[in-house]
Amino acid sequence: QVQLVESGGGLVQAGGSLTLSCAASGSTFSINTIGWYRQAPGKQRELVATITRGGRINYADSVKGRFTISRDNVKNTAYLQMNSLKPEDTAVYYCINGQYYGSSYIPNGSWGQGTQVTVSS
């Protein structure tokens with residue numbers, strides 16, 4: 001089993017930046033594609049970005065050009081750099097292990113506690 005722990009959230013003004021981290025422990029050899037999700041109050045969990053073990057990246061349209069996902073396979077850590085933040089980016093952000101089946105990303109790990117990102121207007 002691999003465990004992923006998110007950190008780096010906080011309160012930031014609109015237009016600001018934050019970088020989230022996702023640290024893996026346990027059976028890190030099993031880490032495949034890392035996905036960052038977010039869930040705002042009263043809304044469904046939304047896939048924000050994914051990065052494969054080889055570095056192939058996908059973004060949700062809502063964050064393209066503003067967010068950058070990356071990973072360090074030696075440190076077993078993934079990152080989500082968020083720039084030009086908007087109030088609608090306010091959510092709890094989660095990272096999880098998973099893989100693509102065709103064009104569909106399927107998480108297959110356990111959800112962690114997430115990290116809160118709040119963007120004030």
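This report describes the strands, salt bridges and cavity of one protein structure.

The structure is a predicted model, in which local features need pLDDT of at least 70, side-chain atom pairs count only at pLDDT 80 or more, and totals for chains, interfaces and linings use all residues. Residues are numbered from 1 along each chain as its sequence is written, and side-chain values use heavy atoms, with hydrogens and water left out.

## Strands and sheet

Strands are DSSP runs (E, at least two residues), as helices are (H or I, at least four residues), and the numbering starts at the N terminus. Two strands are said to pair if DSSP finds at least two bridges between them.

One open sheet is built from four strands in the order 1-3-8-7, with antiparallel pairing. Strand 1 (2-7) and strand 7 are its edge strands, each pairing on one side only. On average, neighbouring strands of this sheet are turned by 15° against each other, direction ignored; axes here are lines fitted to C-alpha atoms, for helices over the stretch in contact, and angles run from 0 to 180 degrees between N-to-C directions. Within the sheet, strand 7 and strand 8 run antiparallel and are joined by six bridges. One of the facing pairs there is T68 with Q81, the latter in strand 8.

Strands 4, 5 and 6 are described by two hairpins. Strand 4 pairs with strand 5 (residues 46-51) in the antiparallel sense over five bridges, and Y37 stands opposite L47 of strand 5. Six residues lie between these two strands in the hairpin, and G42 in the turn has a positive phi of about 75°. Strand 5 also pairs with strand 6 (residues 57-59), again antiparallel, over three bridges. Here T50 is opposite N58 in strand 6. This second hairpin has five residues between its strands, and G55 in the turn has a positive phi of about 95°.

L47 can also be placed against a residue further along the chain. Its C-alpha atom is separated by 9.4 Å from that of Y94, and the two residues are 47 apart along the chain. Y94 lies in strand 9 and is buried, with a relative accessible area of 10%.

## Salt bridges

A salt bridge is counted when a side-chain nitrogen of Lys or Arg is within 4 Å of a carboxyl oxygen of Asp or Glu. The whole structure holds four of them. Three are listed here.

| Pair | N to O distance |
|---|---|
| R38 and E46 | 2.8 Å |
| D89 and R38 | 2.9 Å |
| D61 and K64 | 3.2 Å |

The terms for exposure follow relative accessible area: buried is under 20%, exposed is over 50%, and partly exposed is in between (1.4 Å probe, protein chains only). R38 counts as buried because its relative accessibility is 7%. Its partner E46 is partly exposed, with a relative accessible area of 29%. D89, the other partner of R38, counts as buried at 1% relative accessibility. In the pair D61 and K64, D61 is exposed at 66% relative accessibility, and K64 is partly exposed at 48% relative accessible area.

R38, E46, R66 and D89 are linked in a network of salt bridges. R66 is in the loop between strand 6 and strand 7. With a relative accessibility of 10%, R66 counts as buried. R66 and S84 are 18 residues apart in sequence, and their C-alpha atoms are 6.0 Å apart in space.

## Cavity

Rolling a probe the size of a water molecule over the atoms shows where empty space is left. A cavity is a set of points, on a 1 Å grid over the protein atoms alone, where a 1.4 Å probe fits but cannot get out; lining residues have an atom within 4 Å of a point. Grid points are joined across faces, edges and corners, and the volume is the space filled by probe spheres set on the points.

The search of the whole structure finds one cavity of 30 Å³ or more. The largest cavity has a volume of about 90 Å³. It is lined by 13 residues, and those closest to its centre are I31, R71, N73, N76 and T77. Strand 3 (18-26), strand 7 (67-72) and strand 8 each supply at least two residues of this lining. By type, the lining residues are six nonpolar, four polar and three charged; Ala, Val, Leu, Ile, Met, Phe, Trp, Tyr, Cys and Pro count as nonpolar, Asp, Glu, Lys and Arg as charged, and the others, Gly among them, as polar.

Conventions. On a 1 Å grid over the protein atoms alone, a cavity is a set of points where a 1.4 Å probe fits but cannot get out, and a pocket is an open set with protein on both sides within 12 Å along at least five of seven lines; lining residues have an atom within 4 Å of a point.
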